[in-house]
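The following exercises ask the reader to work from a structural model to statements about its chains, helices and residues. Each task is followed by a solution in steps.

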Amino acid sequence: MSEPSIEAVHLSRRFGSFLAVDDVSFSVARGEIFGYLGANGAGKSTTIRMLCGLLAPTAGEARVAGFDVKTAPEAVKASIGYMSQKFSLYLDLPVCDNIDFFGGAYGLSGPDFAARADEVLRLCDLENEHDAITGSLPGGVRQRLALGCAILHRPAVLFLDEPTAGVDPVSRRLFWRFIRRLARDGTTIFVTTHYLDEAEYCGRIGLMVDGRLVALDTPSALKRRYVPGRVLSVHGRNLAPAAVSLRSRPGIITVEPFGAGLHLQVAAEDWNADSVAQALASAGAQAVEVESGEPTLEDVFLAVVARPREVHAP
Amino acid sequence: MIARPRWTVQLRAVVRKEVRQTVRDRRIMFMLIIAPLLQTVVFGFAVDFQFDHVPTLVVGHDASAQSRQHIRRLLADGTLRDAGHTTELSEVQHKLQTGDAAAALILPAGLARDLAAQRPAEVQVILDGGDPNRAVVVAGAASRYFGETAEAMVKARLAARGIAPPPLIRATPRIWFNPSLKTPPFMIPGVMTILLVITTTLVTAMGLSREREMGTLEQVLVTPIRPVLLLIGKMTPFLVIGCFDVLLVLTAGVWIFGVPLHGSLLLVATGTVLYVLSTLGIGLLISTVSRTQQQAFLAGFLFAMPAILLSGVMTPIRAMPLWLQVVTFFNPVRYYIEVLRAVLLKGAGLVDVWWRLLALLGFGLTLLTVASLRFSKRVA
């Protein structure tokens, strides 16, 4: 079939002695929603900046929408949309002037642009905010405008860097509905996020740790691979000391504090909800309730992040 | 294949956005429109290098009619003003210290008698050197008056003996370009110069730093606009506003302060555009080395102050030590003020100022090139 929308091959970026992105390779198909997860400073933004042609790679190559980011950054820029967590808009200008400027920046003009601007305002539900000063709008509306400005020129690839930071849950839900529709219509989405529940919307997920891409797969495959066994969530009182004693027992894979309770990952053949409850109660915990749950991406994240540390331990 | 966006569309978008932002920002509009007028009026009225009516204390130890006549005549030409009479030296000290008087004229006892008896007489002029320029003016006025008096006395004496006076050499000052020695024709070009360096440099430096601070710069840089095009688009409105400011100050200067317009306005406009290229270039350069608007503002002032002082706007370059005079050759402000004064006041033409225009062009292009290279490099 057609070539991938985004292709990174041994991509690296060094800042002085710090290797921000270390030999990262992946490819994203057209219309795919690709999630890029990792802690702050793991190299997510640096990767995006290289793919957008804002930052030259130190080594390796990347092609976006068919153009090499090193040799044809202008063509790359013309084919992509970019929206960052800062919703970088001109806050002192009204909504329509922001649309006008970014449209012009992508070379749009004339009646075609006017029609497209109206269409985007309608898509992003901004028709009533046309003349409002951007700085006076709440975060959710600014986010929609930032997205609107990024898709004016119908980009083949849309980069979203923490697109929902600081936005209320309702707006986040609407935002993702819109993103999924864009992807269905053939736009490739590359998104970084802190919200692991949002990552579930992604077709595939790449996990960055210390500049390296340590895992890459669909959310369910990642869960199967990194969270084997049974996941149990535990509530009760006086759990912490009991958890310590539980940790050393065979068949207990991980014990992580999770909210007010615990998240347990156990070998399915050794443990079930009842036996865990009994073990905790006999170790001093009270009012113990154990539910078996689905592994979340948070479990995956914790499992993956813990792994390299073990490797590096002396 | 993606069609390359048309640069004209992109440039227009940047210019339009910049104008809209500027028009909406009251502080900037004040800086660009009201401040020039205010400066013109303040500088025009307040800055006066002419010293009129310098308060002078008269210490008359000689009560003769002749002494009184000297005092009357000396005060009559308007340079000096009578600030009171006394016979006490302590009062002279007191009044010079408080600033009630800036000079004291001491006519010794027996002045008329000594002269009549063919003995030399001496009039003492005590000056407050706190303001050197003023002291020089007063000393000049006093020596001129007594020089002329002495000459008249010699002539009278010779005539009384029936001898024709010998021919004398006399300097006859004839002042060109600004015959009444008014300050505004000298200062208004200075105001234009100072104004442009402050507004265009600061506005450019802060404008780009603001975009960096707000994150909009990054957002613009992921669009296919080339950095150079962005810079040109951002500067164009300020080039226009700079020219408008010059026109504004010049108009006010001509109407209110009678600044002469001897030379070609086209030449003034050319000089202005070339000069603004330099000041915009400096603003841009500053914005590439500063992270925040505050830093940019401070850096702008740190540049503007010495640049103005070393330009000859206020004080003559010839009065500076040689090594500083050399430094002024690298100061675009110097060339612009020289062009303005030469063209406006003296009617100088292109043949007289071409090399200064060339210097301005050189500065402008160099600064803009260095700044945009730095800018593009920082972006990448």
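The exercises below concern a predicted model and proceed from whole chains to single residues.

**Exercise 1. Overall form of chain B**

Determine the secondary structure content of chain B, and state how its radius of gyration stands against that of a compact globule of 380 residues.

Solution.
Step 1. Counting the elements of chain B gives 14 helices and four strands.
Step 2. For a compact globule of 380 residues, a radius of gyration near 21 Å would apply, but chain B has 29 Å.
Step 3. Taken along the principal axes, the box filled by the C-alpha atoms of chain B is roughly 110 × 45 × 40 Å.
Step 4. In chain B, 37% of the 380 residues are buried.
Step 5. Among contacts in chain B between residues at least 6 apart in sequence, 80% join residues at least 24 apart.

**Exercise 2. Domains of chain B**

Give the domain assignment of chain B and the separation of the domain centres.

Solution.
Step 1. The assignment places residues 7-47 and 182-379 of chain B in domain 1, and residues 54-160 in domain 2.
Step 2. Taken over C-alpha atoms, the centres of domain 1 and domain 2 of chain B are separated by 49 Å.

**Exercise 3. The corresponding description of chain A**

Describe chain A by its secondary structure, its extent and its domains.

Solution.
Step 1. Chain A contains 11 helices and 14 strands.
Step 2. The C-alpha trace of chain A spans about 75 × 45 × 40 Å along its principal axes.
Step 3. Of the 314 residues in chain A, 48% are buried.
Step 4. Among contacts in chain A between residues at least 6 apart in sequence, 69% join residues at least 24 apart.
Step 5. The domain assignment divides chain A into domain 1 (6-218) and domain 2 (228-294), and the C-alpha centres of these domains of chain A lie 40 Å apart.

**Exercise 4. The contact between the chains**

How many residues does each chain give to the contact, and which elements of chain A give two or more residues to the side that touches chain B?

Solution.
Step 1. Chain A contributes 24 residues to the contact and chain B contributes 24 residues.
Step 2. On the side of chain A that touches chain B, the elements giving two or more residues are helix 2 (73-79), strand 6 (80-84) and helix 3 (95-105) of chain A.
Step 3. By residue class, this side of chain A comprises 13 nonpolar, six polar and five charged residues.

**Exercise 5. A helix pair in chain B**

Are helix 10 and helix 13 of chain B roughly parallel or roughly antiparallel? Identify the residues that make their contact.

Solution.
Step 1. The axes of helix 10 (residues 265-289) and helix 13 (residues 332-346) of chain B come within 10 Å and cross at roughly 170°.
Step 2. Angles over 145 degrees count as roughly antiparallel, and therefore helix 10 of chain B is roughly antiparallel to helix 13 of chain B.
Step 3. Helix 10 of chain B makes the contact with B:Leu267, B:Val268, B:Gly271, B:Tyr275 and B:Ser278; helix 13 of chain B makes it with B:Pro332, B:Tyr336, B:Val339, B:Leu340, B:Val343 and B:Leu344.
Step 4. The residues of this contact of helix 10 with helix 13 of chain B comprise nine nonpolar, two polar and no charged.

**Exercise 6. Positive phi values in chain A**

Locate A:Asp125 and A:Arg154, and classify each as buried, partly exposed or exposed.

Solution.
Step 1. A:Asp125 is a residue other than glycine with a positive phi, near 55°.
Step 2. A:Asp125 lies in the loop between helix 4 (110-123) and helix 5 (139-151) of chain A.
Step 3. A:Asp125 counts as partly exposed because 13 C-beta neighbours lie inside 10 Å.
Step 4. A:Arg154, likewise not a glycine, has a positive phi of about 50°.
Step 5. A:Arg154 is placed in the loop between helix 5 and strand 7 (157-161) of chain A.
Step 6. A:Arg154 has 15 other C-beta atoms within 10 Å and is therefore partly exposed.

**Exercise 7. Two helix residues of chain B**

Which of the classes buried and partly exposed applies to B:Ala142, and which to B:Val41?

Solution.
Step 1. B:Ala142 belongs to helix 6 (residues 132-160) of chain B.
Step 2. B:Ala142 is buried, because 20 other C-beta atoms lie within 10 Å.
Step 3. Not counting residues up to four places away in sequence, B:Ala142 touches B:Leu74 and B:Val125.
Step 4. B:Val41 belongs to helix 2 (residues 26-46) of chain B.
Step 5. B:Val41 has 14 other C-beta atoms within 10 Å and is therefore partly exposed.
Step 6. B:Val41 and B:Phe257 are 216 residues apart in sequence, and their C-alpha atoms are 9.0 Å apart in space.

Methods: Residues are numbered from 1 along each chain as its sequence is written. Chains are lettered from A and ligands numbered from 1 in the order in which they are written. This is a predicted model: local features need pLDDT of at least 70, side-chain atom pairs count only at pLDDT 80 or more; totals for chains, interfaces and linings use all residues. Axes are lines fitted to C-alpha atoms, for helices over the stretch in contact, and angles run from 0 to 180 degrees between N-to-C directions. Angles under 35 degrees count as roughly parallel, over 145 as roughly antiparallel, 65 to 115 as roughly perpendicular and the rest as oblique. Two residues are in contact if their C-beta atoms, placed from the backbone, lie within 7 Å. Ala, Val, Leu, Ile, Met, Phe, Trp, Tyr, Cys and Pro count as nonpolar, Asp, Glu, Lys and Arg as charged, and the others, Gly among them, as polar. The radius of gyration is taken over C-alpha atoms; the globule rule is 2.2 Å times the number of residues to the power 0.38. A residue is buried if 20 or more other C-beta atoms lie within 10 Å of its own, exposed if 12 or fewer, and partly exposed in between; C-beta atoms are placed from the backbone. Domain bounds come from an automatic or database domain assignment.
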